[in-house]
Amino acid sequence: KHLIQVINPNTSVAMTQTIAEAARGVAAPTSEIIAVCPTQGVESIEGHFDEAIAAVGVLEQIKRGKEQGVSGHVIACFGDPGLLAARELAGGPVIGIAEAAMHVATLVATRFSVVTTLPRTVIIARHLLRQYGFEHHCAALHAIDLPVLALEDGTGLAQQKVRERCIQAMKEDNSGAIVLGCGGMANLARELTAELGIPVIDGVTAAVKMVESLIALGLGTSKYGDLAYPNKKPLSGCFDMLS
Ligand SMILES: NC(=O)NC1=NC(=O)NC1=O
């Protein structure tokens, strides 16, 4: 079996569970999902400050995954925090859920819309669209204007807001597909795809299948050039854990 490490970069145990269940729901029989979150950090990631904090926790988990012999890694937050730094550390593939969902959307539609959580996180998704080369594929980005952890409060309100916003986006944007912009939405994609009749794509499940594909192709992260293992140097204070 291949171990695939799925990292929830925030410290919410409930969201880690939601993400783990979605990942296990699509994992191949040859894959074993190890779902983790940082031992310290931020309970939800809703901006640049949170992302900077979360990135250190991602790196710590990547290092642990390597020590456990995992074959690949998923960064299960829609900002893909620490993605390139993680790729320097990792030998196997590292896939972020935003890039995975965006790639999949371009394979099934000519244009897609994004439905995410707080309005302030929309700019992060915009930056990723540019970084990944998908700006011209994304028709629009929408926010349900609820905090990330509203998805785990048990009221179902956030889930209802996501559904309403997806329906509105489908009508307004003339997009062929919708990308769910949060790891905590991972369990909504199948039902919304069936109800709306268009691909509603979750990045957690997309990333798991992409990691499996890269493993099957015998492809890990390139270690030539900028994604080579980091130059060895002393790391002081709390960063010693990354040595
Ligand atoms: N746009 C987002 O909601 N990003 C996220 N923040 C989290 O804590 N997890 C996410 O996926």
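These are my notebook entries on two sheets, the helices beside them and one ring contact in a predicted model.

**Entry 1: the sheet with strands 1 to 4**

I began by asking in which order the four strands of this open sheet lie. I read the order as 2-1-3-4, with parallel pairing. Next I looked for the edges and found strand 2 (31-36) and strand 4 (94-96) there. Each has a single partner strand, so one side of each is left without a neighbour in the sheet. I also noted the turn between neighbouring strands here, which is 20 degrees on average, direction ignored.

Then I picked out one pair to follow. Strand 3 (residues 72-75) and strand 4 pair in the parallel sense over three bridges. If you want a spot to find by eye, try Ile 75, which stands opposite Gly 96 in strand 4.

Which helices lie across these strands? I found helix 1 (residues 13-26) across strand 1 (2-7) and strand 2, at about 170 degrees to strand 2. I found helix 4 across strand 3 and strand 4, at about 75 degrees to strand 4.

**Entry 2: the sheet with strands 5 to 8**

I moved on to another open sheet of four strands, and its order is 6-5-7-8 with parallel pairing. Strand 6 (138-143) and strand 8 (200-202) are at the edges. Each of these has a single partner strand, so one side of each has no neighbour in the sheet. Neighbouring strands of this sheet are turned by 25 degrees against each other on average, direction ignored.

I checked a pair here too: strand 7 (residues 177-180) and strand 8 run in the parallel sense and share three bridges. Within this region I marked Val 179, which stands opposite Ile 201 in strand 8.

Two helices went into my notes for this sheet. Helix 6 (residues 157-173) packs on it and touches strand 5 (112-116), strand 6 and strand 7. The direction of helix 6 makes about 150 degrees with that of strand 6. Helix 7 (residues 189-196) also packs on the sheet, touching strand 7 and strand 8, and its direction makes about 170 degrees with that of strand 8.

**Entry 3: where helix 4 meets helix 8**

I wanted to know at what angle the axes of helix 4 (residues 97-108) and helix 8 (residues 203-216) cross. They cross at roughly 85 degrees and come within 8 Å. That is why I wrote down helix 4 as roughly perpendicular to helix 8.

I then listed residues at this contact. Ile 97, Ala 100, Ala 101, His 103 and Val 104 in helix 4 meet Gly 203, Val 204, Ala 206, Ala 207 and Met 210 in helix 8. Sorted by kind, the contact has eight nonpolar residues, two polar and no charged.

**Entry 4: rings**

Last, I looked for aromatic pairs, using ring centres within 6.5 Å as the cut-off. The count came to zero. I did find a charge over a ring: the charged end of Lys 223 sits over the ring of Tyr 229, 4.4 Å from its centre.

Definitions and conventions
Residues are numbered from 1 along each chain as its sequence is written. This is a predicted model: local features need pLDDT of at least 70, side-chain atom pairs count only at pLDDT 80 or more; totals for chains, interfaces and linings use all residues. Side-chain values use heavy atoms; hydrogens and water are left out. Rings of Phe, Tyr and Trp (its six-membered ring) pair if their centres lie within 6.5 Å; planes under 30 degrees apart count as stacked, over 60 as edge-to-face and the rest as tilted. A charge sits over a ring if NZ of Lys or CZ of Arg is within 6 Å of the ring centre and within 35 degrees of the ring normal. Axes are lines fitted to C-alpha atoms, for helices over the stretch in contact, and angles run from 0 to 180 degrees between N-to-C directions. Angles under 35 degrees count as roughly parallel, over 145 as roughly antiparallel, 65 to 115 as roughly perpendicular and the rest as oblique. Contact means heavy atoms within 4.5 Å. Ala, Val, Leu, Ile, Met, Phe, Trp, Tyr, Cys and Pro count as nonpolar, Asp, Glu, Lys and Arg as charged, and the others, Gly among them, as polar. Two strands pair if DSSP finds at least two bridges between them.
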